[in-house]
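This report describes the fold, the ligand shell and a few selected contacts of one protein model. Please read it alongside the sequence and coordinates.

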Amino acid sequence: MLHASTPPASHTRSVTMYDPPSRRDPSSTSGGDPDAAVADARRWVDESSRIVVLTGAGISTDSGIPDFRGPQGVWTKNPEAEKLSNIHCYMADPDVRKRAWQGRLQHPAWRAVPNAGHEALVQLERRGLLLALVTQNIDGLHQRAGNSPELVIEVHGTVHDVICMRCGTRGPMQETLDRVRAGEEDPSCLNCGGILKSATISFGQALVPEVIAQAAQAAAEADLFMAVGTSLQVYPVAGLLPLAKKAGARVVIANAEPTPMDRLADAIISGPISEVLPLMCEWRLRERAPRACQGVRGTKSPDES
Ligand code: NAD
């Protein structure tokens with residue numbers, strides 16, 4: 001059974017950047033019925049040609065990578081862990097860096113494989129509907145699932161690279177992890193001796209302006225904006241949703257918990273992402289007819305190209 005909720009008609013405005021009215025799409029039929037909300041989203045996907053998807057940690061929990069703020073989140077269970085993601089603590093305290101490197105050795109991203117939610121977004125791209133896939137995730141699972149790197153905008157960077165905080169030299173994470181395994185507790189840059197860190201944007205660290213500008217441009221051009229598995233609490237990325245809404249896009253939020261932006265959504269879907277995204281995104285004929293019949297209809301699924 002899927003879960004969905006009707007966005008509240010109005011409540012106190014918590015969004016100050018780009019604050020459009022909380023008007024729902026008139027073609028919405030859900031009225032709180034979860035299956036109807038998924039059907040609405042699916043119909044809007046079919047009607048759209050410039051879909052922008054914003055993903056957060058929630059799309060990767062079914063691949064075994066915990067989120068930060070969900071009920072099983074890393075910070076929910078251990079608020080101290082937030083320090084490891086804070087740039088000021090990281091730069092100032094060698095002990096924080098040593099713990100961070102030990103954590104990177106064990107990072108679940110090295111073993112994780114994409115789930116049905118990631119694969120559904122590959123289907124969107126194959127159908128020619130995906131304008132951009134903006135992700136807050138650092139795990140690289142969208143590219144691994146098969147989305148084109150040119151369409152994936154990693155606003156918070158990637159854990160698969162390291163970067164020197166002094167000279168900016170980048171390199172593969174696994175090479176630096178080999179140094180940690182060999183006994184270096186806080187490996188420094190081989191080029192200049194500076195502090196090394198995963199090539200992710202930590203809390204307190206500035207985003208790359210060109211990257212966030214690219215994401216904002218895509219959001220402004222979207223005809224459908226889907227926020228998937230994100231608590232929509234981290235700015236400026238969360239501001240992409242009201243930006244897209246103001247520019248005229250339909251908005252779908254798929255997340256297990258309520259978000260501060262639910263009142264802007266045309267549909268809210270709170271079932272498990274790896275179940276609901278395939279229902280919303282996959283190619284129509286895969287569901288309606290077995291593969292053998294598709295040729296009889298004279299229509300080819302993008303899967304077969
Ligand atoms: P978040 O932890 O703030 O929120 C994740 C949301 O997803 C929660 O509201 C949770 O209820 C929901 N969720 C979790 N599993 C779900 C499921 N299976 N189905 C439906 N909903 C589900 O995540 P965020 O908004 O992405 O922000 C956290 C920051 O931490 C991001 O900036 C990101 O860079 C980083 N992060 C990344 C990863 C990753 O790369 N996989 C993992 C943890 C944190």
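What percentage of the 305 residues of the protein count as buried? The figure is 38%.

## Overall composition

The model is predicted. The protein has 12 helices and 9 strands. Taking contacts between residues at least 6 apart in sequence, 67% join residues at least 24 apart.

## Ligand shell

There are 27 residues around the ligand, and those that come nearest are G56, G58, G70, N137 and A256. By residue class, the shell divides into 8 nonpolar, 14 polar and 5 charged residues.

## Parallel strands β1, β2 and β3

Strand β2 covers residues 130–135, and 6 of the 6 are buried, so β2 is largely enclosed by the rest of the structure. Strand β1 (residues 51–55) runs parallel to β2 and is joined to it by 5 bridges. In this pairing, T55 stands opposite T135.

Strand β3 (residues 152–154) is also parallel to β2, with 3 bridges between them. Here L133 of β2 is placed opposite V152 of β3.

## Antiparallel sheet β5-β4-β6

An open sheet is formed by 3 strands in the order β5-β4-β6, with antiparallel pairing. Its edges are β5 (170–172) and β6 (196–200); each has a single partner strand, so one side of each is left without a neighbour in the sheet. On average, and with direction ignored, neighbouring strands of this sheet are turned by 45° against each other.

Strand β4 spans residues 157–164 and pairs with β6 in the antiparallel sense over 5 bridges. One opposed pair is G157 with T200 of β6.

## Packing of α1 on α10

Two packed helices are described by the angle between their axes and the distance between the axes. For helix α1 (residues 34–47) and helix α10 (residues 273–281), the angle is about 45° and the axes are 7 Å apart. α1 is therefore oblique to α10.

On the α1 side, the contact consists of V38, A41, R42 and V45, which meet V276, L279, M280 and C281 of α10. The residues of this contact divide into 7 nonpolar, no polar and 1 charged.

## A120 in helix α5

A120 belongs to helix α5 (residues 116–126). Is A120 buried or exposed? A120 counts as buried because it has 24 C-beta neighbours inside 10 Å, and the threshold for that class is 20 or more.

Apart from neighbours within four places in sequence, A120 is in contact with L277, P278, C281 and E282. C281 is also among the α10 residues in the contact with α1. A further pair is A120 and I273, which lie 153 residues apart along the chain while their C-alpha atoms are separated by 10.0 Å.

## F203 in the loop after β6

F203 is found in the loop between β6 and α8 (209–221). With 16 other C-beta atoms within 10 Å, F203 is partly exposed, since that class lies between the limits of 12 or fewer for exposed and 20 or more for buried.

Which residues does F203 touch, not counting those up to four places away in sequence? They are S85, N86 and I87. F203 and L84 are 119 residues apart in sequence, with a C-alpha to C-alpha distance of 9.3 Å.

Methods. Residues numbered from 1 in each chain as written. Predicted model: local features only at pLDDT ≥ 70, side-chain atom pairs only at ≥ 80, totals over all residues. Near = placed C-beta within 6 Å. Nonpolar A, V, L, I, M, F, W, Y, C, P; charged D, E, K, R; others polar. Helix = DSSP H or I, 4+ residues; strand = E, 2+ residues; numbered from the N terminus. Contact = placed C-beta atoms within 7 Å. Axes fitted to C-alpha atoms, helices over the stretch in contact; angles between N-to-C directions. Parallel < 35°, antiparallel > 145°, perpendicular 65-115°, else oblique. Pairing = 2+ DSSP bridges.
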